[in-house]
Amino acid sequence: MSDGIKISMRVPGTSPMPELLELIGKIEDAGFDGAGILDSQMICRDTFVTMGLAASATSRLRLFPAVTNPFGRIPSVLAGAAQTVAEIAPGRTKFIIGTGYTSASTIGRRPATLRQMRRCVMEVKALLTGDSVDYGGTTNRLDFAGSDGGAGVPVLMAASGPRSLELAGEVADGALVLVGYTPGIVGKALEHLETGAKRSGRTLDDLDVVFAVRTCVADSNDEARRLARPVSVHWGLLWGGPNWIPYSDIEVPDYEIPQAVRGVYPDLGHAPNWDEAIELTQFVSDDVNTQLCDAMGLVGTPEHCTQRIREMAQHGVNQIYLMPCLTFAPPETEVRAFGEHIIPALAQG
């Protein structure tokens with residue numbers, strides 16, 4: 001792909017396994033660089049089982065959990081699972097871990113703390129490189145570490161806030177950055193990553209940095225923005241946007257958020273009734289929604305999305321992980337749009 005841009009697609013494990021594997025095959029055929037397998041144990045099929053089967057059914061696609069967490073499986077189990085998949089697909093496996101979101105909420109617990117994240121990342125990294133780890137007086141190592149022929153499994157940390165970005169830069173091999181998609185936001189996020197990297201004697205060049213980008217592709221920009229409303233409003237007003245919008249060139253009015261919006265289960269961005277969620281966001285003007293969509297990711301026609309990818313590549317974003325707005329639905333529309341239009345257009349320069 002031109003300019004060295006690598007694009008991966010999120011794969012929710014909400015479909016039966018045969019359909020999941022068929023979808024992953026389509027993702028490889030469409031020209032994507034990788035596929036991230038969603039990890040939410042009450043909603044999705046097992047992440048590592050899916051990765052292992054996908055590794056056998058593909059030949060070049062990079063595979064990674066997107067993202068796993070420290071509490072669904074203990075770190076030693078996580079390391080063993082990642083190394084096992086890497087034996088099937090040497091050099092094509094990454095490991096990405098975050099604090100947990102629906103994985104936590106669906107079992108009535110809180111996401112992992114940054115202290116827990118630090119310990120888990122360091123333990124998994126040590127085990128995957130063949131080092132020993134102390135378990136309260138019992139020291140042990142992963143007997144089969146490096147059994148993928150020495151290709152190694154990079155350990156990345158998903159991060160969406162300043163402190164988590166600095167932690168990722170300090171202890172992980174890289175970061176899956178969930179902040180937004182404007183030059184100002186990206187620049188500020190990279191500053192925090194660099195701050196963390198310096199703590200361990202490294203630079204940004206030592207890190208594998210992937211930007212998570214929300215996306216919705218349609219035949220017109222207006223329709224894509226309408227469909228993306230629940231996610232753009234949730235991001236811009238209720239979740240990560242307030243931390244990062246000040247570093248963009250947009251201004252969001254001080255909206256009074258209706259209680260019905262706050263009450264959507266599990267939240268507005270994961271609403272089970274999407275049409276109802278779109279209606280609930282009508283208190284935000286079309287103009288503001290347009291700005292939020294652009295600040296958040298790739299929302300529009302294939303041509304619009306292609307141009308935005310090219311623009312952001314000029315600001316150092318050369319790896320993106322696509323997160324379609326319908327979190328738990330198969331991303332058939334986006335796979336088709338990128339495979340038929342966007343990826344070929346980027347390849348032409």
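**Helix pair H5/H6**

I started with how H5 and H6 cross, and the crossing comes out right-handed. I'm working from a predicted model here, so every value below is computed from that model. The two axes, H5 over residues 114-128 and H6 over residues 162-171, come within 11 Å and cross at roughly 20°. Angles under 35 degrees count as roughly parallel, so I put H5 down as roughly parallel to H6.

Next I listed who touches whom. From H5 I get Leu-114, Met-117, Arg-118, Val-121, Met-122 and Lys-125, and they meet Arg-163, Ser-164, Leu-167, Glu-170 and Val-171 in H6. By class, I noted 6 nonpolar, 1 polar and 4 charged residues in this contact.

**Helix pair H2/H3**

I then looked up H2 (residues 47-57) against H3, where the axes come within 8 Å and cross at roughly 10°. That angle makes H2 roughly parallel to H3. On the H2 side I wrote down Phe-48, Met-51, Gly-52, Ala-55 and Ser-56, and on the H3 side Leu-78, Ala-81, Ala-82, Val-85 and Ile-88. How many charged residues does the contact of H2 with H3 have? I found no charged residues there, just 8 nonpolar and 2 polar.

**Helix pair H9/H13**

H9 and H13 (residues 286-296) have axes that come within 9 Å, and I read their crossing as roughly 80°. With 65 to 115 degrees counting as roughly perpendicular, that makes H9 roughly perpendicular to H13. H9 brings Arg-229, Val-231, Ser-232, Val-233, Trp-235, Gly-236 and Leu-237 to the contact, while H13 brings Asp-286, Asn-289, Leu-292, Cys-293, Ala-295 and Met-296. I sorted the contact residues into 8 nonpolar, 3 polar and 2 charged.

**Largest pocket**

H9 turned up again when I went looking for open space. The largest pocket holds about 960 Å³. I count 40 residues in its lining, and the closest to the pocket centre are Tyr-101, Ser-160, Leu-178, Trp-239 and Met-323.

Which elements each supply at least two residues of this lining? I have helix H4 (102-105), strand S7 (155-159), strand S9 (208-217), helix H9 (229-238) and strand S11 (319-324). The largest share comes from H9, with 3 residues. The classes in the pocket lining are 19 nonpolar, 18 polar and 3 charged.

**Cavity**

I also searched the whole structure for cavities of 30 Å³ or more, and 1 came back. The largest cavity has a volume of about 90 Å³. I wrote out its lining as Lys-6, Ser-8, Asp-33, Arg-62, Phe-64, Lys-94, Ile-96, Val-210, Gln-319 and Ile-320. Strand S1 (6-11), S3 and S11 each give at least two residues to the cavity lining. I noted S11 among the suppliers of the pocket lining too. By class, the cavity lining has 4 nonpolar, 2 polar and 4 charged residues.

**Cis peptide bonds**

Last, I checked the backbone for cis bonds. Most peptide bonds are trans, so I wanted any exceptions written down.

One joins Ala-66 and Val-67, with omega about -10°. Where is Val-67 found? I placed Val-67 in the loop between strand S3 (62-65) and helix H3 (75-88). S3 is one of the strands I had already noted for the cavity lining, and H3 is the helix I had paired with H2.

Another cis bond runs from Tyr-265 to Pro-266, with omega near -5°. I found Pro-266 in the loop between helix H11 (259-262) and helix H12 (274-280).

Technical notes: Residues are numbered from 1 along each chain as its sequence is written. This is a predicted model: local features need pLDDT of at least 70, side-chain atom pairs count only at pLDDT 80 or more; totals for chains, interfaces and linings use all residues. Side-chain values use heavy atoms; hydrogens and water are left out. On a 1 Å grid over the protein atoms alone, a cavity is a set of points where a 1.4 Å probe fits but cannot get out, and a pocket is an open set with protein on both sides within 12 Å along at least five of seven lines; lining residues have an atom within 4 Å of a point. Grid points are joined across faces, edges and corners, and a volume is the space filled by probe spheres set on the points. Helices (H or I, at least four residues) and strands (E, at least two) are DSSP runs, numbered from the N terminus. Ala, Val, Leu, Ile, Met, Phe, Trp, Tyr, Cys and Pro count as nonpolar, Asp, Glu, Lys and Arg as charged, and the others, Gly among them, as polar. Axes are lines fitted to C-alpha atoms, for helices over the stretch in contact, and angles run from 0 to 180 degrees between N-to-C directions. Angles under 35 degrees count as roughly parallel, over 145 as roughly antiparallel, 65 to 115 as roughly perpendicular and the rest as oblique. A crossing is left-handed if the near helix is turned anticlockwise from the far one by less than a right angle, and right-handed if clockwise. Contact means heavy atoms within 4.5 Å.
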